[in-house]
Every structure is written in structure tokens, then in C-alpha cells.
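Welcome, and thanks for opening the viewer. Let's walk through this structure together, one selection after another.

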Amino acid sequence: MTDLRPRRSALYMPGANERALEKAKTLPADALILDLEDAVAPDAKVAARERVCAAVASGEYGRRELTIRVNACDTPWHEDDVRAAAKVGPDAVVVPKVNSAADVHSVERVLEQAGAPDRTKIWAMVESPVAILHAKEIAAASARLTVLVMGTNDLAKELQAQHVPGRAPLLTGLSLCLLAARAYGKQILDGVYNDVRDLDGFAAECRQGREFGFDGKTLIHPSQLEPCNRTFAPSEEEVDHSRRIIAAFEEAVRRGDGVVTVDGRMIENLHVDDARRLLALADAVAAIG
């Protein structure tokens, strides 16, 4: 069964920016991605690694899921990043540009050699055509891998696609990755929305991601947190409807009825299972405040 830990919002925070790391302690993100990759210049990589590892070791981020995005497997910083992360034991290591199961195995091997605790999982970023075509193998590669993360900016670049409302050029890739994640019991996070001033466009993309089945969305600015958290959490109406589905089904079972309807719609076991999953997610969201 897919892990129901809420990951409605996963906010990238630049690892080289001490003020940003401090501010992150107060933000209502379900997860923080302390970034050593795109947000850090080459000559600042080592200092950022030390700063991020110290932040993780501090224990000052509360209930937030704390992850470190390392540099990609083909860079000179990658292995040192993974080893340093293993020693401080974040909730996960986020690995960019994962293109194969072999990439996952390589990261897992370094984590284990460096003594990473079992709680430190792998989040694999899927952001290239090759990765999309290997999404099944990536998702199935390891029990330590728990989350797929869509890298939609890099994917659009490699596809030579335009960024358009509705994301038509990316829908095939998004769907294939969702299929792979669900087939192997992983969570999956949608990619970022680039224009932090376009609140309506961001809200629409959050709704699209939720409708597709994503567990949450990666974010680039704190202003995106509240609408994202709201969209990816079960609404009061959904919670009420789910409770009525379960109650009606259980009552029908007690009476021995073969047909159950709620609001004029026939209810089957699959609807009950989905209602129970939604209520479990609502409870998990409520528990973190």
C-alpha cells in the first residue's frame, strides 16, 4: 500500500542561502528539499553541502519531512553529497536526472556504504525522455525508493516543448510516471510552476495535478504553499461524502443488501476503498496541523 504520509507541498530551498534555511523552519510545507544542485553555483557546492547537513542535523525543522537534493550521478559532487547526507540521515535524498534502475542502485549502494539509516529514503527525479521510458524500472528498483518527483522544466527542455496552459506536451510523460508509481506503491510529486506571480495559473495546475492523481507538488516559492496544501488535501465535502459511502456500505452489508447507492450513484468495493484512503489521508493531514 502506498505510504499515506502527506506530501502535498515540497518546497525547494537553496542550500547556499543561510537565511532561506532559517526561514524554512517556519513555513507550512509538508516537505522541504534543501537543494545542492540547481540553486547552488559550482564554487559554492562544498560550503552549501556543509550548511545543509548542519541544518538537517540540527533537529530544528519540526514535523516537516526534511530532504536533501544532491547533485546528479554524473557530476563530481554527487558521491560526496550522498555520503555526507547518509551521515546526517535526512528523511530522503532527492536524486536529480535518474534515468535507470542502475542509477537508483548506485545511490542506494553509496547510502548503505556510508551508513545511512533505514529511514533515509530515495526520491528519484524523472526529468528526461529516457527516464520516462524507464519509469517502470525506476519505480521498481528499490524498496528504499519511495517517491518519484517530476522534473517538468528539464523534461520540457529535452522535448523541445513549449510551456503552455494545460501542459498538453507533458501529459503523456506525466501519465506514464503516474502509472509506474501506482504500479509499485510509490508516491509521486508533480513538477514546479515557474511564474510565482500567476496565482490563477498555479491554482489551475494544482487542480490538474490533483485530478491526475499526484500526491502533491514541488514548489519554488513560499507564496505557493497555502493554495497547494489546500488543493491536495481532502476537502470537507470529500470527507463527508467518504464517510457516507462507508456508512451506507457497512449498513448494506449488515442487512445483506446486494446494491448500495449514495446520492443516486451505485457504490462498489472500489469506492469504499477509495473513501477509506481519503479519510486516512485527511486524518494524516489533520495530525500535522
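## Stop one: a buried valine

Select Val104, which counts as buried because its relative accessibility is 2%. Keep in mind as you look around that this is a predicted model. Val104 belongs to helix α4, which covers residues 101-113. Which residues is Val104 in contact with, leaving aside its neighbours within four places in sequence? Show Val98, Ile122, Ile138, Ala141, Ser142 and Leu145 to see them. Now pick Ile138: its C-alpha lies 7.0 Å from that of Val104, although 34 residues along the chain separate the two.

## Stop two: from α4 to a neighbouring loop

Stay with α4 and select Glu112, then add Arg144; their side chains form a salt bridge at 4.0 Å, N to O. Glu112 is in helix α4 while Arg144 is in the loop between α6 (135-139) and β6 (145-150), so this pair ties together parts that are 32 residues apart in sequence. Arg144 is buried, at 9% relative accessible area, whereas Glu112 is partly exposed, at 48%.

Next, select Lys186, in the loop between α8 and β7. Lys186 is buried but has no salt bridge, and the nearest side chain of opposite charge, that of Glu108, is 9.0 Å away. Look instead at Ser142: its backbone oxygen is 3.1 Å from a polar atom of the Lys186 side chain.

## Stop three: helix α9

Select residues 199-212 to bring up helix α9, with 14 residues. From its first C-alpha to its last it reaches 20 Å, close to the 20 Å expected at 1.5 Å a residue. Colour Gly201, Phe202, Glu205, Cys206, Gln208 and Gly209, the buried residues of α9. Then turn the view to look down the axis: these buried residues fall within an arc of 160°, so they line one face of the helix. On the face turned away from that side you will find the exposed residues Leu199, Asp200 and Glu211.

What covers the buried residues of α9? Among the covering elements are α8 (171-183), β7 (187-190), β8 (216-219) and α10 (225-232). Before leaving, click on Gly213, just after α9, which has a positive phi of about 120°.

## Stop four: around Asn71

Go to Asn71, in the loop between β3 (65-69) and α3 (78-88). Asn71 is buried, with 3% relative accessible area. Its side chain makes a polar contact with the side chain of Lys45, at 2.7 Å. A polar atom of the Asn71 side chain also lies 3.1 Å from the backbone oxygen of Leu36. Beyond four places in sequence, the residues Asn71 touches include Trp77, His78, Asp81 and Pro96.

From there, select Asp81 together with Arg49: they form a salt bridge whose closest N and O atoms are 2.7 Å apart. This pair links distant parts of the chain, with Arg49 in helix α2 (residues 45-58) and Asp81 in helix α3, 32 residues apart. Both Arg49 and Asp81 are buried.

## Last stop: a pair within one helix

Finish on helix α11 (residues 236-255), where Asp240 and Arg244 are four residues apart and so about one helical turn from each other. Their side chains meet in a salt bridge, at 3.2 Å from N to O. Asp240 is partly exposed, at 40% relative accessible area, and Arg244 is partly exposed too, at 34%. For one more selection, try Asp35, Glu37, Asp38, Arg69, Lys97 and Asp154, joined into one network by salt bridges that share partners.

Notes:
Residues are numbered from 1 along each chain as its sequence is written. This is a predicted model: local features need pLDDT of at least 70, side-chain atom pairs count only at pLDDT 80 or more; totals for chains, interfaces and linings use all residues. Side-chain values use heavy atoms; hydrogens and water are left out. Helices (H or I, at least four residues) and strands (E, at least two) are DSSP runs, numbered from the N terminus. Buried means under 20% relative accessible area, exposed over 50%, partly exposed in between (1.4 Å probe, protein chains only). Contact means heavy atoms within 4.5 Å. The expected span of a helix is 1.5 Å times one less than its number of residues. The arc is that of the directions from the helix axis to the C-beta atoms. Lys and Arg count as positive and Asp and Glu as negative; His and the chain ends are not counted. A polar contact is a pair of N or O atoms within 3.5 Å; within protein, one must be able to donate a hydrogen and the other to accept it, and residues adjacent in sequence count only if both atoms are side-chain atoms.
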